[in-house]
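Open the model in your viewer and keep the selection panel at hand. The tour goes from the whole chain to a sheet, and then to a single helix.

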Amino acid sequence: MALYLLFEFASGYGLFEAHGIDEIGQSTEAVQGSIVDLNRFGKVVKLTAIQPFSSAADALNQCNAVSEGLMTDELRNFLELNLPKVKEGKKPKFSLGVAEPKLGSQIFEVLSIPCQSNDFVLELLRGVRLHLHTFIRDLKEVDLEKAQLGLGHSYSRAKVKFNVNRVDNMVIQAISLLDTLDKDINTFCMRVREWYSWHFPELVKIINDNYIYARVAKFVKDKSTLSDDALPELTEITGDEDKAKDIIEAAKASMGQDISPVDLINIELFAQRVIELSDYRKQLHSYLVSKMHDIAPNLATLIGEMVGARLISHAGSLTNLAKCPASTLQILGAEKALFRALKTRGNTPKYGLIFHSSFIGRASSRNKGRISRYLANKCSIASRIDCFSETNTNIFGEKLREQVEERLEFYDKGIAPRKNLDVMQEAIQKADEENGDLPEAEGEKKKKKKKKKKGDQVEIDLLNQTEEVEGDAELQKKSKKGKKRVRENIGFDTENGGTDEEQVASEGKKKKRRKSGADLDILPVKETALNGLQTVEGEGKKKKKKKEKVDHDTD
């Protein structure tokens with residue numbers, strides 16, 4: 001069986017024919033050795049056809065299609081023109097070797113050409129790639145390298161297309177740096193406290209905040225030089241006049257030891273660094289908040305900027321977080337506890353990073369697990385909206401937050417929350433109004449449609465009225481005919497001096513077979529007939545009584 005090789009390179013498609021090769025018994029090592037030698041490889045593999053790409057954009061489209069395992073129209077025409085034609089109902093006497101198995105399956109489904117992708121075919125394609133510039137005369141190796149480089153850059157650029165304002169990597173780096181800064185600032189502040197307490201130990205009990213302590217230590221320096229003139233500055237730093245007075249009084253009666261000016265300079269410099277780090281931490285926090293509102297506004301509105309950023313950082317990206325189900329998002333950050341529980345067959349954790357949300361803290365102990373499941377569900381929805389929506393809005397996050405609040409009230413007070421469908425419809429309408437997706441033209445169309453509907457309804461009502469009038473006239477005619485027939489029958493029975501109940505029953509059966517419209521009018525006719533029969537029966541009974549009286553008198 002002949003073997004053809006489909007080779008995709010930066011400038012186009014190439015079709016090669018490999019003849020004189022017996023795949024059975026050929027080891028990969030032997031093929032690798034024969035590939036390096038051009039004389040041996042050139043006798044086995046020969047170029048059959050080539051189709052260059054029309055432009056760089058076309059090359060990029062073809063490259064994307066091949067990577068996704070899709071066969072383009074250009075590739076299909078190229079294969080149909082250059083491969084041997086196969087008659088209908090017969091198996092092809094050749095096979096096509098491809099590098100991508102998905103592409104091979106696509107070719108087989110569309111063109112019914114058997115394709116193979118194994119180590120043997122891959123080694124042959126590697127040889128074609130190695131000696132490609134020798135198979136094509138006008139193609140230089142330098143030009144081929146330039147084409148490969150340009151296509152590689154454009155392919156990578158197309159795959160990594162993103163919105164600069166919505167790069168979640170910045171959030172991941174910012175939250176990681178923020179956590180590191182928190183630990184470092186706490187450590188440095190403790191070092192400042194221990195260092196300066198050698199000189200002024202009473203200050204630790206008066207000032208509890210680390211940032212304010214560093215500022216006071218930098219301002220006071222030597223406690224012996226502190227006087228009442230420094231009260232306004234200390235009040236500005238501490239924010240409390242009583243504390244400023246306490247500091248001045250404590251400095252006068254302090255039990256701390258004296259310290260050299262060189263040591264005070266080092267303490268001052270270190271305190272300055274701690275203050276700068278704290279200020280930078282505040283700037284970084286504000287940057288993270290603004291970045292979260294740009295990247296994941298709904299998630300930030302629902303659960304908070306810090307917790308949302310930690311969820312994104314732990315998942316790896318916003319896309320990975322959007323792919324996570326709600327059950328995974330619920331215990332994200334509690335993996336150790338989860339695997340420990342599975343190993344020891346204990347209770348699995350109810351929450352991970354979402355525990356830092358205010359909702360779980362507000363819930364009662366018996367409802368913490370329930371509200372954590374509900375909150376994880378809403379966070380999953382919010383992350384998917386942020387990841388895959390094109391518009392940047394936090395309306396859905398506000399509505400989801402309202403739902404969580406209502407669920408908390410339901411657990412505490414028993415107030416039934418709104419349905420999710422109604423809340424989402426309100427959010428969609430509000431988002432459409434904000435984006436201006438409902439222009440005036442659509443409103444006018446809706447009005448016209450309403451007018452048309454009203455006109456159609458009027459026409460339908462008129463038709464129904466005419467049909468009812470016609471139906472009433474027909475029913476009246478039928479009722480008159482029925483009454484005449486009953487009267488004739490009644491007259492016939494009275495003439496005979498009796499009633500025939502069987503005839504009346506048969507007439508009732510015949511009338512039942514008629515249409516439903518006529519049946520409605522036959523009912524009163526039957527009633528009149530029965531009334532007539534009753535009168536006839538009464539007259540007959542009276543005649544019989546008279547006859548009996550006459551017979552009795554004669555006797």
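A residue counts as buried when its relative accessible area is under 20%, and as exposed when that area is over 50%. Keep these two words in mind for the stops below.

**The whole chain.** This is a predicted model. Show the protein chain as a cartoon: there are 26 helices and five strands. Of its 555 residues, 34% are buried. Switch on the surface, and the accessible area comes to about 35500 Å², with 52% of it belonging to carbon and sulfur atoms.

**The sheet.** Select the strands next. The five strands form an open sheet with mixed pairing, in the order S3-S2-S1-S4-S5. S3 (45-52) and S5 (115-116) are the edge strands; each has a single partner strand, so one side of each has no neighbour in the sheet. Strands of a sheet pair through backbone hydrogen bonds, either parallel or antiparallel. Now select residues 2-9 and 12-18, which are S1 and S2: these two pair in the antiparallel sense over seven bridges. Within this pair, glutamate 8 stands opposite tyrosine 13 in S2. Add residues 119-130 to the selection to see helix H6, which packs on the sheet and touches S1, S2, S3, S4 and S5. The direction of H6 makes about 55° with that of S1.

**Helix H12.** Move to residues 231-238, which form H12. Which residues of H12 are buried? They are Leu234, Ile237 and Thr238. These residues lie on the same side of H12 because they cover an arc of only 85° around the axis. An α-helix has 3.6 residues a turn, so residues three or four places apart point the same way. Rotate to the face turned away from the buried side, and you find the exposed residues Pro232 and Glu236. Then show residues 210-220 and 241-252: these are helices H11 and H13, which are among the elements covering the buried residues of H12.

**Threonine 238.** Zoom in on threonine 238, which counts as buried because its relative accessibility is 12%. A polar atom of its side chain lies 2.7 Å from the backbone oxygen of leucine 234. The backbone oxygen of aspartate 240 lies 3.1 Å from a polar atom of the threonine 238 side chain. Leaving out residues up to four places away in sequence, threonine 238 touches Ile207, Ile212, Val216, Lys243, Ala244 and Ile247.

**Last stop.** Select glycine 239, just after H12; this residue takes a positive phi of about 80°.

How values were computed:
Residues are numbered from 1 along each chain as its sequence is written. This is a predicted model: local features need pLDDT of at least 70, side-chain atom pairs count only at pLDDT 80 or more; totals for chains, interfaces and linings use all residues. Side-chain values use heavy atoms; hydrogens and water are left out. Helices (H or I, at least four residues) and strands (E, at least two) are DSSP runs, numbered from the N terminus. Buried means under 20% relative accessible area, exposed over 50%, partly exposed in between (1.4 Å probe, protein chains only). A polar contact is a pair of N or O atoms within 3.5 Å; within protein, one must be able to donate a hydrogen and the other to accept it, and residues adjacent in sequence count only if both atoms are side-chain atoms. Contact means heavy atoms within 4.5 Å. Two strands pair if DSSP finds at least two bridges between them. Axes are lines fitted to C-alpha atoms, for helices over the stretch in contact, and angles run from 0 to 180 degrees between N-to-C directions. The arc is that of the directions from the helix axis to the C-beta atoms. Accessible areas come from the Shrake-Rupley method with a 1.4 Å probe; for residues, only the protein chains shown count as cover.
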